[in-house]
Structure formats: structure tokens, C-alpha cells
Amino acid sequence: MSEDGTLEAAQAALAAEHAAVYGYGVAGGRVAADRRAEATAAHHAHRARRDALVRTVRDLGGDPVAAGPAYALPFAVPDAAAAVRLAAVLEDRVADVYSDLVRASEGPLRRSAADALREAAVRAVRWRGSGVPFPGLAERAADGSRTDGTGAKDETTGARAKAGPDAQAGTGTTH
């Protein structure tokens, strides 16, 4: 893929990491005490990935996309159960954009993106209690929309949200 495609995929991954850091700020404040350490570890992992992607985007000649002051959550997060669902959705969205970065890159960046995809998929399974057959590989059309027509478009990353009861994206609910 072209360097522009790699830069675009890295920017999308960076935007998703910004959103994940924000989302874990919300989820971490609402998860049950027995899962708080897990949420804190995920928050730190996403911050580290975000910081690495800022350097990557600069190395690719781009101006890193800035974090928004706030992000619309895919659904209301009033309690611990919703916080766990949010964490799983955040990880699914991050996995989606890292799969794009794996396809768009090569060498060490591809390896790093594959590692991030794997880590997000594992965290999603831990939060959800089950996995998906091919994390990050939802069938998408060229415009980034899902070809099965499910899921609302995530305006932050351009990816489609996962379908199903735990991913009701597009409600405009904010923290």
C-alpha cells in the first residue's frame, strides 16, 4: 500500500486510541472494584499505544490527529455492567482500525499493529466473556461501511460499530 495509505491507517488508529483513552476514563470510573485494575491496565496500554502512534504518524510525515475534548459514547454508561460492555466495544473498535493498519503497513509497523490487534482482541474477550471469529476483520466496503449494513458509523475512526445488543452506536450519548 502507498505511504499515504499507511499514514491514513496510522491516523485512524491514533484517533481510535484517543477515543479508547477517553472511553476507559468513563468505564474505569464505573466498573466494579474487582475489575478496576483491569480497566486501569487497559487505560495505560491505550495511552502507551496512543503515544507510540503519535511518533509513528510524525515519522510518516504527518501531523498527528488531536484528541477531542470529549467523545460520544455508543450507549449510556450508568453502571458497572454498562462499563464492561463499553470496554468490550472500545476494544472491538480499536481492533478494527489496527486490522486496517496491518493491511496498510509493512515491517516493524505491521508487527506493532498486529500486536495491538491481538492485545485488543484479548481484552475484548476478557471484557465480553466471548470472542469473535476474526477480530478486526469485519467485512467493510471501500468507504469503511460494513457490507452487511449493520452497525452505525463511528465518526471518530470512520469504522462501523459492531452490531448487536452491546453496540448501539450513534445514540449521541456522552459522558
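In this predicted model, Glu 38, Ala 39, Ala 42, Ala 45, His 46, Arg 49 and Thr 56 of helix H2 are in contact with Leu 109, Ser 112, Asp 115, Ala 116, Glu 119, Arg 123, Arg 126 and Trp 127 of helix H4. Sorted by class, this H2–H4 contact brings together six nonpolar, three polar and six charged residues. The two partners are H2, spanning residues 36-59, and H4, spanning residues 107-128. Their axes come within 12 Å and cross at roughly 160°. Because angles over 145 degrees count as roughly antiparallel, H2 is roughly antiparallel to H4. The crossing of H2 past H4 is left-handed.

It helps to place this pair in the whole chain. The protein has four helices and two strands, and along the sequence these elements follow the pattern α-α-β-α-α-β. Of its 175 residues, 47% count as buried. Among contacts with a separation of 6 or more, 69% link residues that are 24 or more positions apart.

Helix H2 also packs against helix H1, which covers residues 3-28. Here the axes come within 9 Å, and the crossing angle is roughly 155°. That angle makes H1 roughly antiparallel to H2, and H1 passes H2 in a left-handed crossing. On the H1 side, the contact is made by Leu 7, Ala 10, Gln 11, Ala 13, Leu 14, Glu 17, His 18, Ala 20, Val 21, Tyr 24, Gly 25 and Gly 28. The H2 side contributes Arg 36, Ala 39, Ala 42, His 43, His 46, Arg 47, Arg 49, Arg 50, Leu 53, Val 54, Thr 56 and Val 57. By class, the H1–H2 contact holds twelve nonpolar, seven polar and five charged residues. Some H2 residues named here have already appeared: Ala 39, Ala 42, His 46, Arg 49 and Thr 56 take part in the contact with H1 and also in the contact with H4.

One residue of H1 deserves a closer look. His 18 lies in this helix and is among the residues that meet H2. His 18 counts as buried because its relative accessibility is 10%, below the 20% cut-off. Leaving aside residues up to four places away in sequence, His 18 touches Arg 50, Val 65, Ala 66, Ala 67 and Tyr 71. Arg 50 belongs to the H2 side of the helix contact described above. With Val 65 there is a polar approach as well: a polar atom of the His 18 side chain lies 2.9 Å from the backbone oxygen of Val 65.

Conventions
Residues numbered from 1 in each chain as written. Predicted model: local features only at pLDDT ≥ 70, side-chain atom pairs only at ≥ 80, totals over all residues. Heavy atoms only, no water. Axes fitted to C-alpha atoms, helices over the stretch in contact; angles between N-to-C directions. Parallel < 35°, antiparallel > 145°, perpendicular 65-115°, else oblique. Left-handed = near helix turned anticlockwise from the far one by under 90°. Contact = heavy atoms within 4.5 Å. Nonpolar A, V, L, I, M, F, W, Y, C, P; charged D, E, K, R; others polar. Buried < 20%, exposed > 50% of the residue type's maximum accessible area, 1.4 Å probe, protein only. Polar contact = N/O pair within 3.5 Å; in protein donor to acceptor, adjacent residues only side chain to side chain.
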